[in-house]
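Here is a set of exercises to work through with the structure open beside you. Try each task yourself, then read the solution step by step.

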Amino acid sequence: MACCTVDNIIRGGNTANLCAIDLSKAFDKVNHHALYLKLIKRFIPNELLTLLEFWLSSCYLCIKWNNAWSEPIHFCFGVRQGSVLSPYLLALYLDDLTMTCLSAPGVCVILYADDILLIAPSVCGLDALTKTCEIELDKLAMVINTRKSCCLRIGPRNNGSCLPVSLSHGTVISWVDEMRYLGIFIVRSRTFKCSLEHAKKLFYCAANAIFAKVGRVASEEVTLLLIKVRCLPVLLYGLEACPLTKSDFVINRFLMKLHN
């Protein structure tokens with residue numbers, strides 16, 4: 001979706017401006033009662049709502065110091081990060097954010113769990129969209145982590161100097177040449193382009209670790225199976241969203257090393 005949106009902006013003669021927003025401890029700040037109201041507005045069945053309410057209200061914490069345990073502390077906020085259901089609950093909790101931000105023409109908001117990607121055809125539009133997003137997040141007691149948030153330009157004027165994108169309290173979100181969103185590294189260029197350098201480094205690290213353990217002891221079939229299962233997914237992750245512009249010979253190089 002991000003690739004199509006950026007391509008449409010570039011075809012219109014504009015430069016796409018992207019802002020990747022990271023939320024600070026988003027899973028821990030979900031208000032249970034506000035989440036129940038959002039679920040009720042979407043006509044969730046009463047039985048499922050009762051089950052979710054029982055599940056979320058049964059969250060307790062104990063602190064262990066040597067052999068001593070503290071009294072149980074009840075959690076009134078947050079969903080359990082790491083569970084299968086938590087990303088869906090957080091996305092539902094933040095879903096109204098997209099409805100508000102999409103009121104401006106030509107903009108796009110991509111939301112996945114606590115990672116938000118804003119796309120606008122102008123710097124001023126991105127600045128206004130970021131401020132609108134911040135206002136809506138403030139209503140939900142969510143805070144933007146400016147250290148992990150960044151902006152990037154894609155299009156014919158991608159290398160031009162731009163005014164900074166700032167938040168209401170004056171904190172500036174910096175412009176970068178490469179941003180990471182959902183494990184995909186998007187780079188500043190004339191067209192939508194992703195960098196595979198980080199994926200190749202991880203592939204080589206995983207493959208060399210396997211090769212160092214089994215070496216010449218295991219058969220080539222076993223080594224290739226381990227590479228296929230443990231290393232190849234690292235290299236192929238996110239290729240559906242990353243248009244390849246040229247051939248790469250990462251696997252060929254490793255096969256040359258394996259077969260001398």
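**Exercise 1. How many salt bridges does the structure hold, and where do Lys131, Asp177 and Glu197 find their partners?**

Solution.
- Step 1: Start with the rule: a salt bridge is a side-chain nitrogen of Lys or Arg within 4 Å of a carboxyl oxygen of Asp or Glu. By this rule the structure holds seven salt bridges.
- Step 2: A word on the source: this is a predicted model, in which local features need pLDDT of at least 70 and side-chain atom pairs count only at pLDDT 80 or more, while totals for chains, interfaces and linings use all residues. Residues are numbered from 1 along each chain as its sequence is written, and side-chain values use heavy atoms, with hydrogens and water left out.
- Step 3: Lys131 meets Asp127 at 2.9 Å, N to O. The two are four residues apart in helix 6, so about one helical turn separates them. (Helices are DSSP runs of H or I with at least four residues, strands are runs of E with at least two, and both are numbered from the N terminus.)
- Step 4: Asp177 meets Arg188 at 2.8 Å, N to O. Asp177 lies in the loop between strand 10 and strand 11, and Arg188 in the loop between strand 12 and strand 13, so this pair ties together parts eleven residues apart in sequence.
- Step 5: Glu197 meets Lys200 at 3.1 Å, N to O. These two are three residues apart in helix 7, again about one helical turn.
- Step 6: Finally, Lys38, Arg42, Asp95 and Asp96 form one network through salt bridges that share partners.

**Exercise 2. Are Glu197 and Lys200 buried, partly exposed or exposed?**

Solution.
- Step 1: Use the cut-offs: buried means under 20% relative accessible area, exposed means over 50%, and partly exposed is in between (1.4 Å probe, protein chains only).
- Step 2: Glu197 has a relative accessible area of 44%, so Glu197 is partly exposed.
- Step 3: Lys200 has 15%, so Lys200 counts as buried.

**Exercise 3. What is the nearest side chain of opposite charge to Asp22?**

Solution.
- Step 1: Find Asp22 in strand 1.
- Step 2: Sort the charges: Lys and Arg count as positive, Asp and Glu as negative, and His and the chain ends are not counted.
- Step 3: The nearest side chain of opposite charge is Lys148, 4.9 Å away, and the buried Asp22 has no salt bridge.
- Step 4: Now list the surroundings. A contact means heavy atoms within 4.5 Å. Leaving aside neighbours within four places in sequence, Asp22 contacts Asp114, Asp115, Val143, Ile144, Asn145, Lys148 and Ser149.

**Exercise 4. Which residues of the largest nonpolar core touch the most other members?**

Solution.
- Step 1: A nonpolar core is a set of buried Ala, Val, Leu, Ile, Met, Phe, Trp, Tyr and Cys residues joined through side-chain atoms within 4.5 Å.
- Step 2: The largest one has 38 residues, and Ile116, Leu118, Leu137 and Met142 touch the most other members.
- Step 3: Strand 1, helix 2, helix 3, helix 4, helix 5, strand 7 and helix 6 each supply at least two residues of this core.
- Step 4: Look around Ile116: beyond four places in sequence, its contacts include Cys19, Leu97, Leu111, Leu137 and Tyr181.
- Step 5: A second, separate core has 20 residues, among them Val6, Ala16, Tyr181 and Ile184.

**Exercise 5. Which residues of helix 4 are buried?**

Solution.
- Step 1: The buried residues in helix 4 are Ser86, Leu89, Leu90, Leu92 and Tyr93.
- Step 2: Their arc around the axis, taken from the directions from the helix axis to the C-beta atoms, is only 160°, so they lie on the same side of helix 4.
- Step 3: These buried residues pack against helix 2, helix 3 and helix 5.

**Exercise 6. Which residues form the covered face of strand 11?**

Solution.
- Step 1: In a regular strand the side chains alternate between the two faces of the sheet.
- Step 2: In strand 11, Met179 and Tyr181 form the covered face, while Glu178 and Arg180 form the uncovered one.
- Step 3: Strands pair if DSSP finds at least two bridges between them. Strand 11 and strand 12 run antiparallel and are joined by four bridges, and Met179 has Ile186 as its bridge partner.
- Step 4: Two residues lie between these strands in the hairpin, where Leu182 takes a positive phi near 55°.
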